[in-house]
Amino acid sequence: MTARKSGSRLETEIERCRSECQWDKIPELVRQLSAKLISNDDLGELLQGECKLQTYLKENPIKQGASPRGPRPKLVEVRKHLTAALDRGNLKADYLQETSLLMAKLCYVEGEYRDALGHYNRVNLDDMQLVGAPVYRLSMIAEAYATKGLCLEKVPAASPSLSNKNTGSPASNRSTTDREQEIITCYEKSGDIALLYLQEAEKALSAGIQNRSPKPGPTAQDQELGYFLETGLQRAHVIHFKNGNLTHGVGRFREILRAVETRTTQNLRMTIARQLAEILLRGMCEQSYWSPLEDPPTVSPLDDPTRQGHTHSKNYSLSRRPRVYSGENLFCPQENTEEALLLLLISESMANRDAVLSRIPEHNNDRIISLQSASVVYDLLTIALGRRGQYEMLSECLERAMKFAFEEFHLWYQLALSLMAAGKSARAVKVLKECIRLKPDDPTIPLLAVKLCIGPLHWLDEGECFGKIVIDMGEKAAEFRAKGYLAIGLVYSLKATDASLRSTQEDYQRKALGAFQRAQSLSPTDHLAAFYLALQLAVSRQIPEALGYVRQALQLQGDDVHSLHLLALLLSAQKHYHDGLNIIEMALSEYPENFNLLYTKVKLESMCRGPEEALLTCKHMLQIWKSFYNLTNPSDSGRGSSLLDRAIADRRQLNAMTLPDFSDPETGSVHATSIAASRVEQALSEVASSLQSSAPKHGPLHPWMTLAQIWLHAAEVYISMSKPAEASACTQEAANLFPTSHNVLYMRGQIAELRGNIDEAKRWYEEALSINPTHVKTMQRLGLILHQLQRYSLSEKVLRDAVQVNSTAHDVWNSLGEVLQAQGNAAAATECFLTALELEASSPILPFTIIPRAL
């Protein structure tokens, strides 16, 4: 590695100590050297001056932006040693150059910038050889270029046009640009030689450890960059960015990152990788991106247009350059998000590896710095992965951060949000509980937990607890207190739907109304409070009052899809079907891809315009579904990169759309038993599909559930037209997706009834109830068949169970009246018929519960 003309073991040891920055050993080695060779007194002066200067800088480190220090007593001795070595002139040329470099460095430390530049001009840095140079001299040359750049920044350009600097003359601009280019070139050379020095130093240290027995001494990890080397590595890109030249700044980042890593540069690499990722995410779009292996564009939209023609161009070459990573089959990013993600995953790996976990007081500052560094990386990862909908991957990354997230709210909260977005609701609720413990006065956290509990999880008791946390905050919750009452109201409303006893249902409905009224009084301008109050009144069949509140909600938020849907259902409950259809069509003009509105439109069109129009709407729904979801693997048609796969379905649509539960495509009810039934039928459907060797369903379940619902609605229309063959074909399409769904079995029972096969229909209904015992429509049809078979007692039992499940189903009351009448119980039958008439007068075209109840 190092070329030596001649020299003793002592000189070799001196060279090693200088390379490894072991300055405490130099004085003893100088004494040994002086005792052996009198002619080397000048070399001793050089070594003592260097040793004292480096020791001084270690004890009094220079900080960024520090003002000139001026003379220091300890530095007087340094100057004496260096001056003695220079004045006598007995040193070899290489040592004379080193002495001049040290003298220039001393001048900078003392604030004598012009004197420092004078020394550098006499030495002529560009003529100093890198090939064959000892390791320590590489460090000196790198520091010299950095120091020269610092001096040039502090000393104004000495040119005739200096007095005209503010006039904007061409000569002045040219002088300033040349000066800037010279400064940047100094820093870039310094950075390149610094990387070379660190690589060679690590290589020499490894070789030295292998060649001699290990003994105490500083390791590579103890070696520090120092102010000058760090400036050389970091200052060039700072100037590029300050001048609005992002293209060259990004290029400089990439050059540093491509250099072979050393232990000393690990922290620097993590910082640079993070900074480059931030620029790629925030300052660069796909159109302005170029590959790391390509030359940067000459004109780029990233750069400041006012400085076009004044940008820095790299016009230097070094006889030795730092080693860079190379080889075949290396991964190369193809777009800005991909490169940013790669950089951040590397940074995250380094942050996790170097995390300070100790809680003892001595390590407190290190632990805080380590945590802050990791938090920035995870925040940027959230941006990068959030853009691509890769929440699963994000939650996995944040889980790795949990080892140093003790009592750190920000990381816990980020993890909770990523789990929510990834659909891991149960785990998200557990993490949100920890967030509530860490920040008990924040009402938004329990509200998020309620949202999950009453939405995908249907954990109503837990949801009630979280809602009460918000309410119990009182005035601390401020405007969120109304949201707390809204959440509690939704919990009670869903509990009323789940309740099997009518008294329990009425009790929860009363509590829900009270909570919604409280929310509306606390926040009279919140359209959701008025809307949910209207919905609860509608479910309780208080139609006129519900109409008043839904109109109030629409006054506050005229384009709210659920308020418009509720208004249409309320109009249908008053038998104003045409008006309801007009409202639905108006809502569809704003939300043309909302399947809930389209389901209601099918029902209203069958009533108002005939089944042919309803079938056209079903066909339109199928076309929307085909354009709505892309259920093929998108990476096949991508840009050839597998680092990131786009989301399987359109995230915007999946997040914005709320579908009724597949447990009942007509009622959209969300009974706890229905949820269990839907899970059972899903498992059975998967088994049946595998037995039938049908094609597997890829992607999320919602799209397939939606498609099955569309086919079942079409089948229902065909049944109303008395076309069993077409209805059977539509039902078979749904069965191909969910072979053992109770909805599919129910529809097959209806088709069998239409064909007059009573026994077959009875078998289908019994199979449907074996999967979902509380499906009211199936119970009603089975009760009627048992009535036809003159099994009155069993028929009455089935219908009474159906009334317990849904006390507002007028057709069930009517069927129960017919069974009781056939049994000769006229008084009870009359009561059932009157109840059916009363309920039918306020019965909407589809149950009000088709509208989702979510926070």
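Q: Is His527 buried or exposed?
A: Buried means under 20% relative accessible area, exposed over 50%, and partly exposed in between (1.4 Å probe, protein chains only). His527 has 15% relative accessibility, so it counts as buried. This is a predicted model: local features need pLDDT of at least 70, side-chain atom pairs count only at pLDDT 80 or more, and totals for chains, interfaces and linings use all residues. Residues are numbered from 1 along each chain as its sequence is written, and side-chain values use heavy atoms, with hydrogens and water left out.

Q: Where is His527, and which residues is it in contact with?
A: Helices are DSSP runs (H or I, at least four residues), numbered from the N terminus. His527 belongs to helix 21 (residues 527-539). Contact means heavy atoms within 4.5 Å. Setting aside neighbours within four places in sequence, His527 contacts Ala553, Leu556, Gln557 and Asp560.

Q: How is the pLDDT read here?
A: pLDDT is the predictor's confidence in each residue, from 0 to 100. The chain average is 81, and 83% of the residues score at least 70. Residues 159-167 fall below 50; that stretch has nine contacts in the model beyond near neighbours in sequence. Residues 687-699 are also below 50, with ten such contacts. Where pLDDT is low, the predicted coordinates should not be read in detail.

Q: Which residues have the most contacts inside the largest nonpolar core?
A: A nonpolar core is a set of buried Ala, Val, Leu, Ile, Met, Phe, Trp, Tyr and Cys residues joined through side-chain atoms within 4.5 Å. The largest one holds 228 residues, and Tyr378, Leu411, Leu566, Leu570, Phe595 and Phe848 have the most contacts inside it. Helix 29 (residues 701-720) gives the largest share, twelve residues. Another core, of 29 residues, lies apart; Leu769, Val776, Val819 and Ala836 are among them.

Q: Why does the span of helix 34 agree with what is expected?
A: The expected span is 1.5 Å times one less than the number of residues. Helix 34 (residues 792-805) has 14 residues, so it should span 20 Å; its end C-alpha atoms are 20 Å apart, which agrees. Its buried residues include Ser795, Leu799 and Val803. Helix 20 (502-522), helix 33 (776-788) and helix 35 (810-822) are among what covers them.

Q: What does the UniProt annotation cover?
A: UniProt positions follow the numbering used here, feature names are shortened, and annotations may be inferred rather than shown by experiment. The unreviewed entry annotates "repeat: TPR" at residues 409-442, 742-775 and 810-843. In the model, residues 409-442 are 79% helix and 0% strand, with end C-alpha atoms 12 Å apart. Residues 810-843 are 85% helix and 0% strand, with ends 8 Å apart between C-alpha atoms.

Notes:
Helices (H or I, at least four residues) and strands (E, at least two) are DSSP runs, numbered from the N terminus.
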